[in-house]
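Good morning, colleagues. I would like to use these few minutes to discuss the internal cavities of one structure.

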Amino acid sequence: MAMNSTPSASGPAISLKSISRHYGAITAVDNVSLEIAAGGFVALVGLSGSGKSTLLKMINRLVDPSAGEVLIADENVEAFDPHVLRRRIGYVFQNIGLFPHMTIARNIAIGLELAGQKNGDRDGRQERVAELLELVELPQEMANRMPHQLSGGQQQRVGVARALATRPGLMLMDEPFGALDPVTRDSLAGQYKALHEKLGLTTIIVTHDMAEALYLADRILVMEDGQIKADATPAELLSGGVGDEAEALVAIPRAQAAHLIALGQTDGRKST
Amino acid sequence: MTEAWKQAFTRVPELLAAHVQLSFSALLLAMALCLPLAIWAARTPKVAAVILGFASLIQTIPALALLALFYPVLLGLSALLGGGISALGFLPALLALTLYALLPILRNAVTGLTGVAPAAKQAADGLGMTAAQKLRLVEAPLAAPTIMAGIRTAAVWTIGAATLSTTVGQASLGDLIFAGLQTQNWTLVLTGCFASAGLAIIVDLLLGLIERAIRERRKIIAWGATAVIGIGLAIALLPALGGRGDVVVIGAKGFSEQFILARLIGSRLEKAGYQVRYHDGLGSAVVFQAVAADDIDIYVDYSGTIWTNQMKRTDPVPADDMVREIAKWSASKYGVTMLGALGFENTYAFAVRPEDAASKQLKTLDDLARVSSDFAFGTDLEFLERPEWAMVKAAYPIEFKEARSFNPTFMYPALSSGEVDVISAFSSDGRIAANGFVVLEDGKGAVPSYEAMLLVAPRRSGDDKFVNAIKPLVGAITVENMREANYKVDRETDKQSPRQAARWLDEQLKDGKDQ
């Protein structure tokens, strides 16, 4: 599999072929087909319950599809044991899930530990931890701290570092910055976007925040009722004409922006 | 006083070691059972409901009853498998305590495992951990403090409940408590209580320290406390590794006469070069099975008890014939040798206060029947269930106002204080004469004869040295001497230990021989 790529290489292409997922009578994902190019940064946007998170989890088999298949770099994910597959895919989610009983260094290196790097490779592991801390812009002395000693933003930086430790080509991110304060969220999102470019990753991010999607992704998929209702670049979305669902979601940041601009103008007039 | 304490304390190390061995084994077995079950239960809620329900059900059974239940279960199992399973001593105690320790360990382990933060579990899955890696690296360490708390609770319960294992013939600190209760030796009772409570407190503190150290991730403290426990265990287990050699186990039921006779037999065997241990406090129903199964080597029983309890006979037979028939029956059916009668009888004797005997003109059981509707009856713990009581009721129209069961120790004070008006005393008990109680005659011979006799286990029957060491006791103990020896132990002041009374009794036998 081409997913174990070097930092400069491009992440894999993803192909979803008519995948569905049912929970009893409820259909979470309804016959979705999708091609994602290698190195793409795709945002899945939609309201709660639109099926975007389920769609994401079918890629690393945290959820198995009821029908259809998922290909990563032309290989069917069913061909791998779930744990083998997941070790080659970075996964970051809203609740972070750092292991509270392990140091930051061990949290970051856990993927390497699982991959069977024994104690003999400890120096190599330490080096990699230092490299990753630098990559996510955390000070080196964090390595020996415990997760509860870090702020939420710092913890999610560790979450990203942990996901990148095994040099995956593909990153799946499920509301990764959803629980952070707006300032931290904005700086972390910006830094991740830079990492995505630098490492040549393929990234799929799930978010309910259209502004975030518009800022980060080069392609935005709008989901509703388990189906993709719109598939467009940020520029296309903003210029309109890609469907009502997309329009409704874009309307919110647009209205907010207009409101802010209007406020600024009022203030400007006052101060002159 | 100091002498009594010293005597009590000399028994503590050996019993403490046995107590630790038993509780620790039970705890270890319970942990080995519970942890896999808890992992299964934590993943399958239906399994959790069934397993926790079962463990809770066991917890509702009193510990003493649970211990008693294992005796017939193991006997049945042994019979089914063609023998070889000991229904007394370590095994039933171990199994009962293990069952008792299940609930706290299981409940805490399931709570701990299901309580692991979902985010940590999701991260473990997302990172590509296998189920085993997830358990080892994430779930187990995060559940460890809760699991440890359960083990700690179980340890304290087990150490407490282990004192009850005396009743199934397993040595423990309970031996001191039960023996002390029987002989009203409160020094012995207190020593047993303090030792077991002290053990429980120390273990609780150490396990608590480990629990806290795990919670706060302080490895040095956790390992330090574990090391202290390990050293304690090693000291307790050391004697078990030394090999027992040819140790004779002498059984005794739960009253003073039995303790004294066991010590008398023991001193004879020690002189013959045997190492001796005592299993005191065995129930009448259990003790015969124990000698038949070679769990104990020798004990003293009473002809009427074997006749009614074991042989299920109710026909009146002259005393000598009864002893002869018992000897034939026990040898042919169980390989148990009836070595001979000791020379005195300890039968059930209905005793009343002298004032009542005089004012109400009570001499016989017929007289008792006449006044029985006004009388409260005090008995030992088993008499009301025994066939002798049925035989007496069949022969005499006795209908008491009320009947109350006592530990034999408390039965005599209950009569003198007027709490009850008549008791089912033992004819060889020194407290009858000492209190001036009047024994009513059994004119119709309803109560069978109760000759004290020596019963020897099958594996010792062919041991001539053994048999020759004991043989001189046959026919050598008069009822007067036995009463006096019993009274030395049972009286309120200037009490002697069963061993001292046995020594005195032994001297009387020698005097008899010298004359």
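I shall take the cavity count, and then two cavities in turn.

Please bear in mind that this is a predicted model. Counting enclosed spaces of 30 Å³ or more, the calculation gives seven cavities.

Let me start with the largest cavity, whose volume is about 120 Å³. Its lining is made up of 14 residues. Those nearest the centre are B:Phe255, B:Ser256, B:Asp429, B:Arg431 and B:Asp490. Where in chain B does this cavity lie? Residues of the lining come both from domain 2 (247–345 + 453–514) and from domain 3 (348–439) of that chain, so the cavity lies between them. In terms of secondary structure, at least two lining residues each are supplied by α10 (256–271), α17 (408–416) and α21 (479–490) of chain B. The largest share, three residues, belongs to α17(B). As for chemical character, the lining comprises six polar, four charged and four nonpolar residues.

I turn now to the second largest cavity, with a volume of about 90 Å³. From chain A, its lining includes A:Arg86, A:Arg87, A:Ile89, A:Gly90, A:Tyr91, A:Gly111, A:Arg162, A:Ala163 and A:Thr166. Chain B is represented by B:Gly126 and B:Leu127. Which elements give two or more residues here? They are α2 (82–87), β6 (89–93) and α5 (152–164), which belong to chain A. The element that gives the most is β6(A), with three residues. By class, this lining divides into four polar, four nonpolar and three charged residues.

Thank you for your attention.

Methods
Residues numbered from 1 in each chain as written. Chains lettered and ligands numbered in written order. Predicted model: local features only at pLDDT ≥ 70, side-chain atom pairs only at ≥ 80, totals over all residues. Heavy atoms only, no water. 1 Å grid on protein atoms, 1.4 Å probe; cavity = no way out; pocket = protein on both sides within 12 Å on 5 of 7 lines; lining within 4 Å. Points joined across faces, edges and corners; volume = space filled by probe spheres on them. Helix = DSSP H or I, 4+ residues; strand = E, 2+ residues; numbered from the N terminus. Nonpolar A, V, L, I, M, F, W, Y, C, P; charged D, E, K, R; others polar. Domains from an automatic or database assignment.
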